[in-house]
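Welcome, and thanks for taking a look at this one with me. Here is a short note to read alongside the model.

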Amino acid sequence: MEINGTSEAGWGPVKDAFVANFDAGSELGASVCVTHHGQTVVDLWAGDADPAGNAWASDTIVNVYSTTKTMTALSVMMCVDRGLVDVEAPVATYWPEFAANGKESITVAHVMSHQSGLAGFEPAIEPSDLYDWDRCTGVLAAMTPWWEPGSASGYHLITHGYLLGEIVRRVDGRSLGTFFREEAAEPLGADFHIGFGPEHDARCGELIPPDMTSALAEYGSLGPDSIPMKAFMSCFINGEEPRTREWRAAEIPAAGGFGNARSVGRVHSALACGGTVDGVTLMAPETVEMIVDRKSTRLNSSHTDISRMPSS
């Protein structure tokens, strides 16, 4: 196995672990990147970018699914830093239609910490509906929460991105994907995209879809009315969608981002360095501190984790 890239002195164990994954047959292709005090100390890639055996290149990008949520949340916090959003304010302050059906007290913080009670779409939608922003946000605005907002945490698989993305759109005027590109990715030189054109298709890697039969059985064991099962089935995706031009073009800010380890590390290095890296400031240190302010915990008896997910 040829390992490409660089690893600085003292960071050899990262490369060793990367190689071990391939030796164990746990990887088809992958990249890994580590930054330390804003500087890249590990940047490696190897293997195949798709089942056809095309090589993983230095600029290969793949759908990173829920890592996209960190980019979306970062965009919201940039709006907070600019005084456009208050995390303790009701979402309806910025999105009036959202107040319908008992959601007037749901705060931005509730959404960011998966406590809004909107873990899935009701009524359920099709994967193709994810390409229609107004359709998704309209369903969410009309919904009734599945539990009392703020009383429990439940992982918002896909809805998280539309909820936060609509807040950004309402206060800034740009779509979430455009905001992130213009305000974070481009200034940092980060090759991460939430919605993009066919010019990047040739370098997109393809993930091997999981065995959905076993996943459905495991979710089903929790019961058809369980929150995880309802959320999972509210927009059933099988893992093949990222291969399509429609998925790649759409802005799906909880699951549709494309990037590689280098681009993810680049964006997150700004947060690790207090909001500024290489002279590019995304937010003030005080705003970064807000990010690590815990809003819920499984160990806090006042919050119940109702989103136990099956192992994968």
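The points below walk through the aromatic rings and the lysines that sit over some of them.

1. Please keep in mind that this is a predicted model. A good place to begin is the count of aromatic pairs, which comes to seven in this structure.

2. Let's start with phenylalanine 121 and tyrosine 162, whose rings meet edge-to-face. Their centres are 6.2 Å apart, with 65 degrees between the planes. Phenylalanine 121 belongs to the loop between α3 (108–112) and α4 (133–142), while tyrosine 162 belongs to helix α5 (residues 159–172), so this pair ties together parts that lie 41 residues apart in sequence. Both phenylalanine 121 and tyrosine 162 are buried.

3. Stay with these two rings for a moment, and add a tryptophan to the view: Phe121, Trp133 and Tyr162 make up one aromatic cluster.

4. Next, find phenylalanine 180 and phenylalanine 192, another edge-to-face pair, with 5.8 Å from centre to centre and 75 degrees between the planes. Here the link runs between helix α6 (residues 176–188), home of phenylalanine 180, and the loop between α6 and α7 (212–220), where phenylalanine 192 is found; the two are twelve residues apart. Are these two phenylalanines buried or exposed? Phenylalanine 180 and phenylalanine 192 are both buried.

5. Finally, have a look at two lysines. Lysine 103 lies over the face of phenylalanine 98, 5.1 Å from the ring centre. Lysine 230 lies over the face of tryptophan 146, at 4.2 Å from the ring centre.

Methods: Residues numbered from 1 in each chain as written. Predicted model: local features only at pLDDT ≥ 70, side-chain atom pairs only at ≥ 80, totals over all residues. Heavy atoms only, no water. Phe/Tyr/Trp six-rings, centres within 6.5 Å; stacked < 30°, edge-to-face > 60°. Helix = DSSP H or I, 4+ residues; strand = E, 2+ residues; numbered from the N terminus. Buried < 20%, exposed > 50% of the residue type's maximum accessible area, 1.4 Å probe, protein only. Lys NZ or Arg CZ within 6 Å of the ring centre and 35° of its normal.
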